[in-house]
Amino acid sequence: AQWDYNKSSTKQSFSMNGASFATLGGVTTSFVSQTGSSDPNAGQALNTANYGAQGSGNMTRGVQYGVDTTAYEHLVLTFDQRNSATASAWTSLLYTIDGENWTQAATFKMAADSTFVKGLSFDFSSIAGVANNADCAFQLVSMFAPGTSAYLATGATSNYGSAGTIRYDMVTLSGTEIVASAVPEPESYALMLAGLGAMGLVLRRRQRRA
């Protein structure tokens with residue numbers, strides 16, 4: 001599934017099995033310029049705002065993407081992100097395999113503000129239960145700086161503020177289609193055995209003649 005936001009919609013632009021989108025913790029969205037993202041087409045990016053006050057709401061505000069991964073494996077998430085100077089520098093990636101319980105998969109720190117960081121990624125291939133799962137979903141949420149109880153601003157000379165914004169573009173979950181091993185039908189087994197029997201009979205006749 002892929003969200004490129006070029007049609008001013010939070011609906012995915014491409015999906016094999018179906019997908020969903022939601023905001024978390026009262027985060028609001030709008031559509032803004034995607035200049036600087038990896039999108040090869042002129043379009044828009046998703047802008048998110050209304051994050052938590054300093055010291056509150058750790059990993060509760062952000063965006064959520066649901067993707068039915070039935071019949072797919074070797075899943076990799078990629079996305080572009082752009083933070084304003086006062087947005088939280090740290091973003092956490094959470095995932096669920098049952099639609100209820102969430103686990104932290106990775107953290108990302110934006111090293112600079114006001115520019116897209118392209119190609120952020122996480123490989124889910126080694127995580128059991130993500131592949132071939134209709135209940136798979138993931139979240140990108142703002143988080144406190146590791147080891148602290150406060151947000152760190154993205155801008156080196158800025159203070160964190162709840163009015164800080166985060167843009168997302170080219171949010172993509174890709175994978176490889178699961179190809180089931182071909183299992184011969186009973187009729188195929190019968191034909192194969194009959195063929196082997198005929199070959200054995202021919203060999204025995206040749207041996208006798210020799």
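## Q34, a buried loop residue

Q34 is buried in this predicted model. Its relative accessibility is 9%, and the cut-off for buried is under 20%. Q34 therefore counts as buried. The residue sits in a loop, with β3 (28-33) on one side and β4 (44-49) on the other.

The Q34 side chain has a polar partner: the backbone oxygen of N41, at 2.9 Å. Beyond its neighbours within four places in sequence, Q34 contacts D39, N41, A42, G43, Q44, A45, F116 and D169.

## The β7-β8 hairpin

Strands β7 (residues 90-96) and β8 (residues 103-109) are antiparallel. Their pairing runs over 6 bridges. Within it, S92 of the hairpin faces T107 in β8.

The two strands form a hairpin, with 6 residues between them. G99 lies in the turn. Its phi is positive, about 80°.

## The largest nonpolar core

The largest nonpolar core holds 35 residues. Y65, F124, F138 and V171 touch the most other members. Several strands give two or more residues to this core: β5 (62-67), β6 (72-83), β7, β8, β9 (117-123), β10 (137-142) and β11 (166-177). Both strands of the hairpin, β7 and β8, are thus on that list. Nonpolar side chains tend to be buried together in soluble globular proteins.

Which residues does F124 touch, not counting those up to four places away in sequence? They are L75, L77, L93, Y95, A105, V130 and L173.

How values were computed:
Residues numbered from 1 in each chain as written. Predicted model: local features only at pLDDT ≥ 70, side-chain atom pairs only at ≥ 80, totals over all residues. Heavy atoms only, no water. Helix = DSSP H or I, 4+ residues; strand = E, 2+ residues; numbered from the N terminus. Buried < 20%, exposed > 50% of the residue type's maximum accessible area, 1.4 Å probe, protein only. Polar contact = N/O pair within 3.5 Å; in protein donor to acceptor, adjacent residues only side chain to side chain. Contact = heavy atoms within 4.5 Å. Pairing = 2+ DSSP bridges. Core = buried A, V, L, I, M, F, W, Y, C linked by side-chain atoms within 4.5 Å.
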